[in-house]
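Student: I'd like to talk through this model with you, piece by piece. Could we start with one residue and work outwards?

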Amino acid sequence: MKSSNIGGQAVLEGIMMKHGNEYSVAVRKPDGEICVTKNTYRSITGKLEGLTKIPFVRGMFNFVDSMVLGIKTLTYSASFYDEEEEEKELTEEETAKKEKKEKWMMGGAVAFSIVAAVAIFMVLPYILSSLLKPLIPSYQTRTVIEGFVRITIFILYVLLISRMEDIQRTFMYHGAEHKCINCIEHGLSLTVENVRISSRQHKRCGTSFLFFVLAISILLLMIVQVESPLMRVVVRIALLPVIAGISYEVLKLAGRSDNAVINFFSKPGLAIQKITTKEPDDSMIEVAIQAVEAVFDWRTYEAENFHVGEEL
C-alpha cells in the first residue's frame, strides 16, 4: 500500500488537510453550514524550500512549518466563533495593518510555543533528574530516568488538557481526520459510513512524532556526554534539530511500512493517540470529508493503488 501523503490537523469545529503545498480548512459554522477554503502554503525556508526535502534535515523545518500552518488555520477557524468581532468593511491600509499584526502574532505564538516546549519537555526533566545525582552517580542511568520523566510529563499534559470540553471536541475532529486518511489508505470509498468504521489511529500522526522525539532523545543524550551542567542544557537544546530530523524519518518510514519491527516501535505513539483522538459524530466526519476532497483526488489514488476505480 502506497502512502497517500495527506496529513492534517483538527482546528476549532473543523479540519485542516494538507497535500503537497496545498491545504484546505473545513469549518462547521455556528449556523451549521460547512465553509471550505483552499490555499497554498509557502515554507518558512522561502527560496530554500529544497531543505524540506533533504532526509534528516527536513524534519525540523517540516515541524516548524506544521506549527506555523497549524496556528494559522486554528486562528482562522476561531474567527467564525468570535462573537465580539464587529463585521465592517476595511480599507486597504487597515487590511494591510491587520495582516501584518496577525503575522507578528502568529510568529510570536510559534516562538513562545517552541520556547515553552523546550523548557518543559527538555530542560525541566534534566533539572529534575539532576537532583538524583547524590543517589544515582551514573550519568547514563540518570539520562534514562530523565527520558522517562520527559515522556511522563508529556502524557500527563495530554491527559490534563483532554479533560477540557473544547479540547474533547477538537480530539473528536482529530479522530475524524485520522479516520478519513485510514479510509482512503485502505481502499474504501470516502463516505460517512466507511469513515465511521475506519480506525482513528494512524502511524503518521503528530502525536507519534512527538513520542519518537522524546524516545530518540534518550539514545542521543546517552551518546553525547559533557561534564558541565550548563553545557548539558545547551547540548539538549542544540540536539533538537538532529532529534527532530531522525524522528521525522522514522515517522515517514512507519507511515509506509507494515514491518513487524516498525509496527512494534509505533505502538506507544498509537497508544497515546487513544487519548488525543476521540470517536467523532457523523457531522464531524462530513467536515473532514470535505476538507480531504478539497485538496486530494482520493478516487485516482485508490484506482492506482487498489484497482477499484470502476466501483467508486
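**From one glutamate to the sheet**

Tutor: Glutamate 146 lies in helix α3, which covers residues 139-161, and please keep in mind that this is a predicted model.

Student: Is glutamate 146 buried or exposed?

Tutor: Glutamate 146 has a relative accessible area of 1% and is therefore buried, the cut-off being under 20%.

Student: Which side chain does it make a polar contact with?

Tutor: The side chain of glutamate 146 is joined to that of arginine 150 by a polar contact of 2.4 Å.

Student: And which residues does glutamate 146 touch further along the sequence?

Tutor: Leaving aside residues up to four places away in sequence, glutamate 146 touches Met122, Pro125, Tyr126, Ser129, Leu221 and Arg236.

Student: Pick serine 129 from those; where is it found?

Tutor: Serine 129 is in helix α2, residues 92-130, and with a relative accessibility of 3% serine 129 counts as buried. With residues up to four places away again not counted, serine 129 touches Arg142 as well as Glu146.

Student: Back to α3, then: what about glutamine 140?

Tutor: Glutamine 140 is also placed in helix α3, but glutamine 140 counts as partly exposed, at 33% relative accessibility. Not counting residues up to four places away in sequence, glutamine 140 touches Met222 and Gln225.

Student: How far apart are glutamine 140 and isoleucine 218?

Tutor: The two are 78 residues apart in sequence, while from C-alpha to C-alpha glutamine 140 and isoleucine 218 are 9.3 Å apart in space.

Student: New topic: what is the span of helix α4?

Tutor: Helix α4, residues 165-185, has 21 residues and reaches 31 Å from its first C-alpha to its last, which is close to the 30 Å expected at 1.5 Å a residue. Of those 21 residues, 16 are buried, so α4 is largely enclosed by the rest of the structure.

Student: What follows α4?

Tutor: Glycine 187 follows α4, and its phi is positive, near 75°.

Student: Now the sheet. How are the strands ordered?

Tutor: The sheet is open and is formed by four strands in the order β1-β2-β3-β4, with antiparallel pairing. At the edges are β1 (6-11) and β4 (34-40), each of which pairs on one side only. From one strand to the next, the twist averages 15°.

Student: How do β1 and β2 pair?

Tutor: They pair over six bridges in the antiparallel sense, and within that pairing glycine 8 stands opposite methionine 17 in β2. The two strands form a hairpin with two residues between them, and glutamate 13 in the turn has a positive phi of about 55°.

Student: And what joins β2 to β3?

Tutor: Strand β2 (residues 14-19) and strand β3 (residues 22-28) run antiparallel and are joined by six bridges. Histidine 19 stands opposite glutamate 22 in β3, and methionine 16 has valine 25 as its bridge partner in that strand. The hairpin of β2 and β3 has two residues between the strands, and glycine 20 there takes a positive phi near 65°.

Student: Which helices lie across the sheet strands?

Tutor: One is helix α1, residues 58-78, which lies across β1, β2, β3 and β4 and runs at about 30° to β3. Helix α10, residues 282-295, also lies across β1, β2, β3 and β4, running at about 155° to β3.

Student: Last topic: how many aromatic pairs are there?

Tutor: The count comes to eight aromatic pairs. In one of them, the ring centres of phenylalanine 63 and phenylalanine 209 are 5.5 Å apart and the planes are at 35°, so this pair is tilted. The pair links distant parts of the chain, since phenylalanine 63 is in helix α1 and phenylalanine 209 in helix α6 (residues 206-223), 146 residues apart.

Student: Are those two phenylalanines buried or exposed?

Tutor: Phenylalanine 63 is partly exposed, with a relative accessible area of 24%, whereas phenylalanine 209 is buried, at 8%. Another tilted pair is formed by phenylalanine 211 and phenylalanine 212, at 6.4 Å centre to centre and 55° between the planes, and both of these residues are buried.

Student: Which residues form an aromatic cluster?

Tutor: Phe121, Phe154 and Tyr157 form one aromatic cluster.

Technical notes
Residues numbered from 1 in each chain as written. Predicted model: local features only at pLDDT ≥ 70, side-chain atom pairs only at ≥ 80, totals over all residues. Heavy atoms only, no water. Buried < 20%, exposed > 50% of the residue type's maximum accessible area, 1.4 Å probe, protein only. Polar contact = N/O pair within 3.5 Å; in protein donor to acceptor, adjacent residues only side chain to side chain. Contact = heavy atoms within 4.5 Å. Expected span 1.5 Å × (residues − 1). Pairing = 2+ DSSP bridges. Axes fitted to C-alpha atoms, helices over the stretch in contact; angles between N-to-C directions. Phe/Tyr/Trp six-rings, centres within 6.5 Å; stacked < 30°, edge-to-face > 60°.
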